[in-house]
Amino acid sequence: MDTPTNHPLFNLAGRTALITGSTRGIGLALAQGLAEAGARVIVNSRQLAAVDEARKALAAKGIEALGAAFDVADEAAVGAAFDAFDRQGTEIDILINNAGIQHRQPMLELGLADWQRVIDTNLTAAFLVGKQAAQRMVARGRGGKIINIGSLTSEAARATVAPYTVAKGGIKMLSRAMAAEWAKFDIQANSIGPGYILTDMNEALVNNRDFDAWVKASNPAQRWGRPEELVGAAVFLSAAASNYVNGQIIYVDGGWLSVL
Ligand code: NDP
């Protein structure tokens, strides 16, 4: 029997995927997962050295990844990166807008600069990169897939993370806005909302005994999620299996939102 990744509905052979923020954590796991499903993957972050390290880590697993270091929140840098893809003949069929940052501070003390930085990186960047990718998908006429990484905060607010919550709520609606405008070009734009996942972003929370206990107590799965547990949803939303799925958000949260 075929393995799921060999099934034609889930096979990504011949596709090229750009995964932003993929030098570690969820993005790196998604890059590996999409490559294992057959895609050629492009690793990204702001740091060239980190991109090279991630490519080396993937090469050790038999995956030949490309790399592109640029800041997803910098419109000129995003434009230059896509111009370089054009010159290299790199055609992106799948975009995962995954790069993100966190900033924890009560809103009563929050300054505009920190608000703006989080909104720029976690929301505006998905528009900037998504627009460049979609312009080329439309011009090529072969459609494409866009996956925007949301969060539990796409659905539920938590204290001390206001700009993150607002950005991730916006991500859910950005996918719908993309679907509304680009479905006619055979582009599917959907979101994935990860629950609490063990990555560097959450290091302080994992090491906080009270928070760690709260995550385990509040989640029906009674544990944190692992980055690789997001791969299934990402492969589905990258593949032919989801060709009539558009503007949706899939929460991969161990059931957390079900018992909210
Ligand atoms: P990490 O902090 O582990 O990794 C973030 C990645 O994004 C790094 O590769 C980082 O590289 C890159 N990055 C950050 N800013 C930029 C930028 N401006 N341009 C390009 N790359 C950038 O995060 P996670 O893996 O935990 O999170 C990944 C995504 O998943 C984020 O969107 C996050 O909000 C979301 N998420 C995470 C959850 C979790 O529990 N971990 C839960 C729900 C959602 P560098 O700093 O070198 O640029």
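A polar contact here is a pair of N or O atoms within 3.5 Å, and that cut-off is worth keeping in mind for the close-ups of this predicted model.

**View 1. Polar contacts hold the eye where Asn 202 meets the ligand.** A polar side-chain atom of Asn 202 lies 2.6 Å from an oxygen atom of the ligand. The backbone joins in as well: an N or O atom of the Ile 26 main chain is 2.8 Å from a ligand oxygen atom, and one from the Gly 195 backbone is 3.4 Å from an oxygen atom of the ligand. Taken alone, the ligand has 890 Å² of accessible area, and the protein covers 96% of it.

**View 2. Here is the ligand in the largest pocket.** Elements giving two or more residues to the shell around the ligand are α1 (25-36), β2 (40-45) and α5 (162-182). There are 31 residues around the ligand, and those that come nearest are Thr 23, Asn 98, Tyr 164, Thr 199 and Asn 202. Sorted by class, this shell has 15 polar, 11 nonpolar and five charged residues.

**View 3. Now for an aromatic pair, one of eight in the model.** Tyr 196 and Trp 224 meet edge-to-face, with 6.0 Å from centre to centre and 85 degrees between the planes. This pair links distant parts of the chain, 28 residues apart. Tyr 196 belongs to the loop between β6 (187-194) and α6 (203-206), while Trp 224 belongs to the loop between α7 (209-218) and α8 (231-238).

Methods. Residues are numbered from 1 along each chain as its sequence is written. This is a predicted model: local features need pLDDT of at least 70, side-chain atom pairs count only at pLDDT 80 or more; totals for chains, interfaces and linings use all residues. Side-chain values use heavy atoms; hydrogens and water are left out. A residue is near a molecule or strand if one of its heavy atoms lies within 4 Å of it. A polar contact is a pair of N or O atoms within 3.5 Å; within protein, one must be able to donate a hydrogen and the other to accept it, and residues adjacent in sequence count only if both atoms are side-chain atoms. Accessible areas come from the Shrake-Rupley method with a 1.4 Å probe; for residues, only the protein chains shown count as cover. On a 1 Å grid over the protein atoms alone, a cavity is a set of points where a 1.4 Å probe fits but cannot get out, and a pocket is an open set with protein on both sides within 12 Å along at least five of seven lines; lining residues have an atom within 4 Å of a point. A molecule sits in a cavity or pocket if more than half of its atoms lie within 2 Å of its grid points. Helices (H or I, at least four residues) and strands (E, at least two) are DSSP runs, numbered from the N terminus. Ala, Val, Leu, Ile, Met, Phe, Trp, Tyr, Cys and Pro count as nonpolar, Asp, Glu, Lys and Arg as charged, and the others, Gly among them, as polar. Rings of Phe, Tyr and Trp (its six-membered ring) pair if their centres lie within 6.5 Å; planes under 30 degrees apart count as stacked, over 60 as edge-to-face and the rest as tilted.
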